[in-house]
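Welcome! Below are a few short exercises, each followed by a solution that goes step by step. Have a look at the structure, then try each task before reading on.

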Amino acid sequence: MQQSKGVTSKNNSLTSVGIDIGTTSCHLVFSRLSLVNEASATQIPRLVIGEREVVYESPIYFTPLNSDGSIDGARVAELMRSEYLQARITPDDINCGAVIITGETARLRNAEEVLHQISSLSGDFVAASAGPELESILSGRGSGALQHSKESGQTICNIDIGGGTTNIAVFQNGALIETSCLRIGGRCFQFSSDGVLTDRSEYGSRLARSVPGTGNESGLTPGANVPREVLMSLANNAAKQILDFVCLPNIVDGLDNLILGIALSHEFPIDEYWFSGGVAELMRTLLAEPGCSIDANSIDPFLYGDFGYFLASAICVGVKQRALPFRIAQNPIRATVVGAGSYSVQLSGNTVSAATSNLPLKGVPLIRLNQTFIDVNDPQPEEISNYLTKAIAGHDKKASEKSFAIILHFDNSPRYADLRKWASALAIACKQNTLCLPYIFIVNTDSAMALGQLMRGQLKHDSVIVLDGIDLSTGDFIDIGKPIGTGSTIPVTVKSLIFSND
Amino acid sequence: MNRSRSEKEAQQLASMNNATPARIGVGRVGTRPPTNAWLRFRHDHAAARDAVHSELSESFIDQFAHANKLPIVQSLATDRADFVLNPPKGKKTSEADLAKIRQQCPSGQDVQIVICDGLSALAIETNLNELLPMLEEGLKIEGITSGKPVVVRYGRVAIADQISHALGAKLAINLVGERPGLSSGVGMSAYLTYKPGPQTISSDRTVVSNIHDRGTPPVEAGAYIVHLVKTILDKKVSGVELQKTL
């Protein structure tokens, strides 16, 4: 429990898996996350993740699809299973991680089913699909943009362009500022190896209508041999949409239904734009070519059978024309999967709880107790109770069937007298709503052990879990893992709405 | 409209300053610190010195010790100056005071709490009202008995071992004002000793330090100490030996 500074604890690492099933490609990484007690020997232990080491990277596979365009879950599971064997890792070895499924609505029809098919691989505690907002964050962490913003003091906008979506996250001084997501990606058109158009996505059809002369789309239907100039001008339009969106305020015209979540505020001037994702991988290749052109001999723009090279070229040119300071992430295509594998889990502060036998708990909905309506200094059980009733009504789960996690926010570390009032009011409110046990609370201040003890005193039972040290500025659900280290630290993975498409 | 370099650096420094109470990036004027940084340093240094010389106030003694009918004793030091100049005197109390304690406190409890001013009486006055109720309620919830806390003037860490030994407690908790530093004059520590007595040495004690609002909040520390007490009673060992078992 009390180690000297910087020394790893006895159970000194977690094995984590990140699985990314994208529109175009799917792959996985295994990471080893070392646990370090950051507190000095005379203070309450504070376990944090020290080193994050990627110990195995799978090859990048094309995502297997069914004939209707949906993901072939059985074949994905088969691919992943072979990678586990290759890496000599079994699902039992996995402590945490995340599976992320991205792409267009059509692809995601059977996403839940796909998750179910790979669930046997993901061990006890792996978050299923993070949702667009968290994908943006994870790709920005995995690309190294967050870390660089911390080290350099810069404001960095990470743009992860994949097959189906463009995930954007802005970081400043090592903190997340905002995220956004566009339904634009490199697989909006698909081609045969000799460049014949074979398929197009919803966005592809839309893009096709944007070029004068092809308004009737006649030139851009499957089977057509579209001239490269036409494809390049389409790519320029798509690149303009992305770059306008990230660089200029109030650009939403023509983007209706393409923005997932909300647009960027543009209140934070960007020092550097970082690119990651599969398209950034191609940008890196093209940046070595004169004019970033796809016409170079060494480049076969139809190598991956999609629009990626065209889009990558247009973005390179656009970035240079606008003179944007930019860089390509170190391992662009793996940014999201590294984020999912290495950065999806958070560790709670030291906590003392008797209810850990209930863990792990998956998909616990978060209720943000809005304390602007409730007097922090004088919490009334009735007000809290009514708030909980309303919040629970918004979920399809009944209060008595599944635990909810209630988030408490205090502006300052609460004093003993305040915490006591809160414990008593919360105990009454939880009972009135016949919430399922264990009761779960998450506080933003360093108060988890104190509130836990006070709640146990009020409730006269031990079925209560109180956590602190978790950043829940985003997210709708959490997975709460089994205690690690010496048993007083709980791993938590945050998720946003699963498969929300708007 | 990008941030200027100085704006950027100011924001970066602000985020570093948020992470530490240390005096970083205060700047300089010629070869000296800027006036405001120098004044703040002098202020904090003065506060630290005041804390060392602070005595448990009459109002604290009245509202806390007298109101709860707690025994108040003194170490072998005759006054604050004697205590500061002769540290060993702070480790023991007189036979007369021990007799008084035996008379007023129940013996044979699981836990004996001893409260010492140590090197900052202010630390005790600032944190005790937050920590002690958590500690006492928590022990009760866990079914661990604890007698009447004893208040000691001019006391140092080892004195709790002497007092707890005299009362036959299994575990001594010494709440003591820490040596003040330049970032806080009100830090408190808790020292826990299993089977305290004359044979106790420093490595037998488990310590929780830096208890104050900007360190470990006292209310949280109270709950944590309950957990430590439980662990120590369970493992029947404290200090370095306890760490080896975890």
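**Exercise 1. Find the acidic partner of Arg322(A) in a salt bridge, then place both residues in the chain.**

Step 1. Apply the rule: a salt bridge is a side-chain nitrogen of Lys or Arg within 4 Å of a carboxyl oxygen of Asp or Glu. Arg322(A) meets Asp244(A) in this way, at 2.9 Å from N to O.

Step 2. Locate the two ends. Arg322(A) sits in the loop between α9 (308–321) and β14 of chain A, while Asp244(A) belongs to helix α7 of chain A, 78 residues away. Helices (H or I, at least four residues) and strands (E, at least two) are DSSP runs, numbered from the N terminus.

Step 3. Check burial, where buried means under 20% relative accessible area, exposed over 50% and partly exposed in between (1.4 Å probe, protein chains only). Arg322(A) is partly exposed because its relative accessibility is 30%, and Asp244(A) counts as buried at 9%.

Step 4. Look for shared partners: Lys240(A), Asp244(A) and Arg322(A) are joined into one network of salt bridges.

A note on the source: this is a predicted model, in which local features need pLDDT of at least 70 and side-chain atom pairs count only at pLDDT 80 or more, while totals for chains, interfaces and linings use all residues. Residues are numbered from 1 along each chain as its sequence is written, chains are lettered from A and ligands numbered from 1 in the order in which they are written, and side-chain values use heavy atoms, with hydrogens and water left out.

**Exercise 2. Describe the salt bridge between Glu57(A) and Arg334(A).**

Step 1. The closest N and O atoms of Glu57(A) and Arg334(A) are 3.3 Å apart.

Step 2. Glu57(A) lies in strand β3 (residues 47–57) of chain A, and Arg334(A) in the loop between β14 (326–328) and α10 (335–342) of chain A; 277 residues separate them.

Step 3. With 34% relative accessibility, Glu57(A) is partly exposed, whereas Arg334(A) is buried at 11%.

**Exercise 3. Work out the strand order of the open sheet of seven strands in chain A and say which strands stand at its edges.**

Step 1. The order is β15-β21-β20-β16-β17-β18-β19, with mixed pairing. Two strands pair if DSSP finds at least two bridges between them.

Step 2. The edges are β15 (345–347) and β19 (464–468) of chain A; each has a single partner strand, so one side of each has no neighbour in the sheet.

Step 3. Take one pair from the middle of your list. β16 (residues 361–368) and β20 (residues 477–480) of chain A pair in the antiparallel sense over three bridges, and Leu361(A) has Ile480(A) as its bridge partner in β20(A).

**Exercise 4. How many residues of each chain are in contact between chain A and chain B, and how many salt bridges cross the interface?**

Step 1. Count contacts, meaning heavy atoms within 4.5 Å: 39 residues of chain A are in contact with 33 of chain B.

Step 2. Count salt bridges: the rule finds four across this interface. In one such pair, Arg415(A) bonds with Glu130(B), and the closest N and O atoms are 3.6 Å apart.

Step 3. Compare with the whole structure, where the search finds 23 salt bridges over all chains.
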